[in-house]
Amino acid sequence: MASPMNGGDGTHSYSKNSTLQRCGLSAVEDAIKEAVMQNVETDKLLCGSTRFAIADLGCSVGPNTFHAVETIIEAVQHKSSTNNLEFQVLFNDQIGNDFNTLFASLPQERNYFAAAVAGSFYGRLFPSSSIHIAYSSGALHWLSKLPEGLKVKDSPAWNAGRIHYSGASDAVVKAYAEQLEEDLENFLRCRAQEIVGGGMIVILVGGVSHANVQHRSTVLFTFVEAILIDMVKEGVLAQEVVDSFNIPIVYACINDVRRIVEKNGCFEIVKMEMVEPVDIATAETNVVMHLRAAMEGTLIDHFGEEITEQVLVRAMRLPTHMMVDAAHGGGIFALLKRK
Ligand SMILES: C[S@@+](CC[C@H](N)C(=O)[O-])C[C@H]1O[C@@H](n2cnc3c(N)ncnc32)[C@H](O)[C@@H]1O
């Protein structure tokens with residue numbers, strides 16, 4: 001299970017280190033507006049009610065979530081024949097997420113009612129047929145849990161000397177792929193129950209165009225892996241502690257995502273395409289700070305605070321251009337309509 005992003009609004013917080021994720025949204029903002037305007041028929045969806053419910057699944061602490069929600073509301077309002085809609089925004093994330101920071105920084109001038117829904121989006125979160133648009137950005141590549149085999153020393157999927165499936169054995173790759181499939185199936189099964197007929201899911205998630213392509217962000221994991229191996233060689237860390245650590249992230253192949261959606265059968269695929277983030281402010285963006293804001297919790301859970309600090313200090317010394325290139329990972333943009 002993913003550890004939550006760094007909370008608060010300090011130097012290492014996700015709220016101060018999430019411009020790369022924001023660039024992902026910017027790349028598809030117009031497409032989201034267009035899709036909502038073309039596909040969401042508010043009169044049919046609402047059947048006389050004025051409550052329009054939007055869920056952000058894996059919202060973290062902001063500010064990206066506010067921007068996404070505003071984009072969706074603007075498009076719905078543009079399309080709607082009435083101006084008496086009441087928007088309810090359900091901010092979802094794991095229970096450990098810093099919802100206090102999220103709610104303390106809600107825009108003062110907002111045209112929606114806000115509520116938090118804590119829990120995993122791989123399970124049920126909302127009542128049946130209660131959501132009109134679900135949105136999820138930068139979250140679905142986090143697995144619900146590590147594949148079992150990776151935790152067992154005698155298993156073929158024991159990932160000795162590595163911390164991810166990139167460059168790992170076939171057994172490790174297969175274990176990750178099976179977990180991804182199970183998770184996406186659960187995600188779709190739950191959303192199919194929660195989203196009203198004609199409602200939509202908007203997904204933006206790190207992914208790859210072909211099964212044999214490595215997502216560029218995995219280069220960051222390779223850097224961390226090399227740092228950990230150095231620490232083993234220096235006697236700072238035991239080999240087995242590194243062998244038993246694995247990052248619970250899979251960058252899905254777009255064809256697999258399409259196949260899993262089709263297998264679920266409850267959603268029409270309105271759009272499913274690869275996107276490259278635009279406008280990454282490479283010079284100003286500190287990629288290691290982004291890595292830290294997103295991964296520090298996961299590292300601390302396994303290695304403790306002291307070792308994690310050492311890993312991150314070493315990562316800060318890596319050449320910036322290597323890190324920046326790694327951060328230019330592409331993503332999958334999917335618009336699904338509940339049948
Ligand atoms: C990189 S952040 C993305 C935040 C925001 N959507 C954005 O685009 O900036 C990923 C978020 O997904 C959340 N997340 C990961 N797995 C989750 C799960 N199973 N259920 C709910 N949230 C999850 C994490 O806690 C984290 O806050």
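**Reading a predicted fold, strand by strand**

Reader: How many bridges join strand 1 (residues 51–57) to strand 4, and do these strands run parallel or antiparallel?

Author: This is a predicted model, and in it strand 1 and strand 4 run parallel and are joined by three bridges. To follow one of the pairings by eye, begin at Ala55, whose bridge partner in strand 4 is Ala134.

Reader: Which strand does strand 4 join through six bridges, and which residue is the bridge partner of Tyr135 there?

Author: Strand 4 is joined by six bridges to strand 5 (residues 195–208), and these two strands also run parallel. Within strand 5, Val202 is the bridge partner of Tyr135. The chain passes from strand 4 to strand 5 by way of helix 5 (residues 170–194), and the β-α-β crossover made in this way is right-handed.

Reader: What should I keep in mind about side chains when I look at a strand, and how many residues of strand 4 are buried?

Author: In a regular strand the side chains alternate between the two faces of the sheet. As for strand 4 (residues 131–137), seven of its seven residues are buried, and the strand is described as mostly covered.

Reader: How do I judge the span of helix 6 (residues 218–233), and where do its buried residues fall when seen down the axis?

Author: For the span, compare the distance between the end C-alpha atoms with the value expected at 1.5 Å a residue: helix 6, with 16 residues, reaches 23 Å from its first C-alpha to its last, close to the expected 22 Å. The buried residues of helix 6 are Thr218, Leu220, Phe221, Val224, Glu225 and Leu228. Seen down the helix axis, these buried residues fall within an arc of 145 degrees, so they line one face of helix 6. Just after helix 6 comes Gly235, which takes a positive phi of about 80 degrees.

Reader: Which residue other than glycine, in the loop between helix 2 (42–46) and strand 1, has a positive phi, and is that residue buried or exposed?

Author: The residue is Cys47, which has its place in that loop and a phi near 45 degrees. Cys47 counts as exposed because it has 7 C-beta neighbours inside 10 Å, and the cut-off for exposure is 12 or fewer.

Reader: What is unusual to look for in the loop between strand 1 and helix 3, where Ser60 and Pro63 lie?

Author: Ser60 is not a glycine, yet its phi is positive, at about 60 degrees. Ser60 is buried, because 29 other C-beta atoms lie within 10 Å, where 20 or more are required. In the loop there is also Pro63, and the peptide bond that leads from Gly62 to Pro63 is cis, with omega near 0 degrees.

Reader: How many residues surround the ligand, and which are the closest?

Author: The ligand is surrounded by 23 residues, and the closest are Gly58, Ser60, Asn64, Gly138 and Ala139. Helix 3 (64–79) and strand 2 (86–93) are the elements that give two or more residues to this shell. Sorted by class, the shell has nine nonpolar, 13 polar and one charged residues.

Reader: Where does Thr11 lie, and how far apart are Thr11 and Asp93?

Author: Thr11 lies in the segment before helix 1 (19–39), and this residue is exposed, with 11 other C-beta atoms within 10 Å. Thr11 and Asp93 are 82 residues apart in sequence, and their C-alpha atoms are 22 Å apart in space.

Methods:
Residues numbered from 1 in each chain as written. Predicted model: local features only at pLDDT ≥ 70, side-chain atom pairs only at ≥ 80, totals over all residues. Near = placed C-beta within 6 Å. Helix = DSSP H or I, 4+ residues; strand = E, 2+ residues; numbered from the N terminus. Nonpolar A, V, L, I, M, F, W, Y, C, P; charged D, E, K, R; others polar. Pairing = 2+ DSSP bridges. Right-handed = clockwise from strand over helix to strand, strands pointing away. Expected span 1.5 Å × (residues − 1). Arc of directions from axis to C-beta.
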